[in-house]
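The following questions and answers concern the structure shown below. Each answer ends on the value or name requested.

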Amino acid sequence: MEHLYPTYYRAFRCIAADCPDSCCQGWDVVIDSETEAFYNSVQGAFGEKLREAIFTDADGDRIFYLSEKKKCPFWGEDRLCDIYRELGEEHLCATCARFPRITMDYTVFTEHTLALACPEAARLILTTDNAYTAFADIAVKECGDYDAAIMRRLLDARDRAADILTEHIPLFQRLEKLLHHAAEWQKKLTGYTPEGAEGVSSLFAALDYINENDRVKIARAAEVQPDFIRREKELTNLALYWLYRCLLGAIGDLDVTAPIRFLIASVGVVANLAEECGDIVAAAQLYSKEIEQSYENMERLWDAFGA
Ligand code: SF4
């Protein structure tokens with residue numbers, strides 16, 4: 001089985017106390033049962049603190065209580081993890097141990113990437129060129145989970161999309177061309193041409209946000225026509241990131257329109273956020289943390305952008 005990695009994957013190192021945001025703030029941390037069983041065996045005051053910090057949420061997951069400022073209770077004043085310090089790295093729960101590494105399992109091959117919501121991962125994703133050369137010409141064997149012929153068509157479409165995104169023409173022209181091709185791929189795949197998606201700004205305004213200020217920022221960024229000329233290199237790397245992160249998901253619903261429209265809308269919003277804050281890495285990371293890491297938000301965008 002092939003396991004494919006972008007070139008930035010192995011360069012990642014958590015920058016811990018130097019992180020400008022932190023995965024220890026704003027998100028629920030789901031504790032796997034094996035880790036919780038170990039935490040139940042920890043003696044002393046720290047063991048008590050661990051057990052008191054875990055509860056069952058509305059989805060039935062075992063998670064840590066967050067503080068009023070939505071911080072993990074084990075995130076110390078020095079911005080380092082108390083569990084890591086007290087028990088060692090091997091006793092982090094699977095959620096913390098894995099983040100920001102992501103595995104996409106397509107049964108006969110796996111693809112790996114990093115979550116853009118991590119500031120250090122975002123820096124690598126946006127500044128590494130030619131990161132996906134290993135992902136071309138993947139040979140797909142028959143398997144029981146999906147139709148291998150459709151997967152091959154999706155991979156061909158993705159290779160073509162990557163070619164378009166790296167052409168030597170202005171980025172807005174590449175994105176227009178990509179949208180045009182996506183309509184053709186959709187027609188070949190399902191026999192129908194997607195209708196236009198409307199009201200992008202109101203769509204973003206209605207999503208769920210960790211921080212209410214981000215709702216205003218992102219909805220405003222979705223309103224304005226983006227300037228793709230500045231920061232073209234980073235925006236191209238961002239578009240490629242979402243191409244490799246999302247397009248093969250169409251093996252489940254045969255919808256190639258939603259991932260391409262999501263990619264184009266997202267690159268536009270991040271371009272405008274970067275204009276506002278002057279930092280493309282911070283803009284992409286904020287957008288990903290608020291939008292891409294939320295299952296509910298992504299579901300709503302897929303419904304709105306889909307064919
Ligand atoms: S967000 Fe990334 S760099 Fe920051 S603390 Fe978490 S893993 Fe480390």
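Q: At what angle do helix α12 and helix α14 pack?
A: This is a predicted model, in which local features need pLDDT of at least 70 and side-chain atom pairs count only at pLDDT 80 or more, while totals for chains, interfaces and linings use all residues. Residues are numbered from 1 along each chain as its sequence is written. Helices (H or I, at least four residues) and strands (E, at least two) are DSSP runs numbered from the N terminus, and axes are lines fitted to C-alpha atoms, for helices over the stretch in contact, with angles running from 0 to 180 degrees between N-to-C directions. The axes of α12 (residues 257-277) and α14 (residues 295-305) are 8 Å apart, and the packing angle is about 110°.

Q: How are α12 and α14 oriented to each other, roughly parallel or roughly perpendicular?
A: Angles under 35 degrees count as roughly parallel, over 145 as roughly antiparallel, 65 to 115 as roughly perpendicular and the rest as oblique. The angle here is about 110°. The two helices, α12 and α14, are therefore roughly perpendicular.

Q: Which residues in α14 are met by residues in α12, and how does the contact divide by residue class?
A: Two residues are in contact if their C-beta atoms, placed from the backbone, lie within 7 Å. Thr-257, Ala-258, Arg-261 and Phe-262 in α12 meet Leu-301, Trp-302 and Phe-305 in α14. Ala, Val, Leu, Ile, Met, Phe, Trp, Tyr, Cys and Pro count as nonpolar, Asp, Glu, Lys and Arg as charged, and the others, Gly among them, as polar. The contact of α12 with α14 thus comprises five nonpolar, one polar and one charged.

Q: At what angle do the axes of α5 and helix α10 cross?
A: The axes of α5 and α10 (residues 232-246) come within 7 Å and cross at roughly 105°. α5 is therefore roughly perpendicular to α10. Ile-125, Leu-126 and Thr-127 of α5 make the contact with Glu-234, Asn-237, Leu-238 and Tyr-241 of α10. The crossing angle is roughly 105°.

Q: What is the strand order of the open sheet of three strands?
A: Two strands pair if DSSP finds at least two bridges between them. β1 and β5 (residues 109-114) pair in the parallel sense over three bridges, whereas β4 and β5 pair in the antiparallel sense over five bridges. The edge strands, each pairing on one side only, are β1 (2-4) and β4 (101-105). The pairing is mixed, and the order is β1-β5-β4.

Q: Which residue in β5 is the bridge partner of Thr-103?
A: β4 and β5 form a hairpin with three residues between them, and Thr-107 in the turn has a positive phi of about 65°. On the β1 side, His-3 stands opposite Thr-110, and Leu-4 has Glu-111 as its bridge partner. For Thr-103, the bridge partner is His-112.

Q: Which peptide bond is cis?
A: Pro-100 lies in the loop between α4 (94-98) and β4. The bond leading to Pro-100 has omega near 5°. The cis bond runs from Phe-99 to Pro-100.

Q: How do the residues of the shell around the ligand divide?
A: A residue is near a molecule or strand if its C-beta atom, placed from the backbone, lies within 6 Å of it. The ligand is surrounded by twelve-listed neighbours including Cys-14, Cys-19, Cys-23 and Cys-118. Asp-21, Phe-99, Pro-100 and Glu-120 are also among them. The shell divides into nine nonpolar, one polar and two charged.
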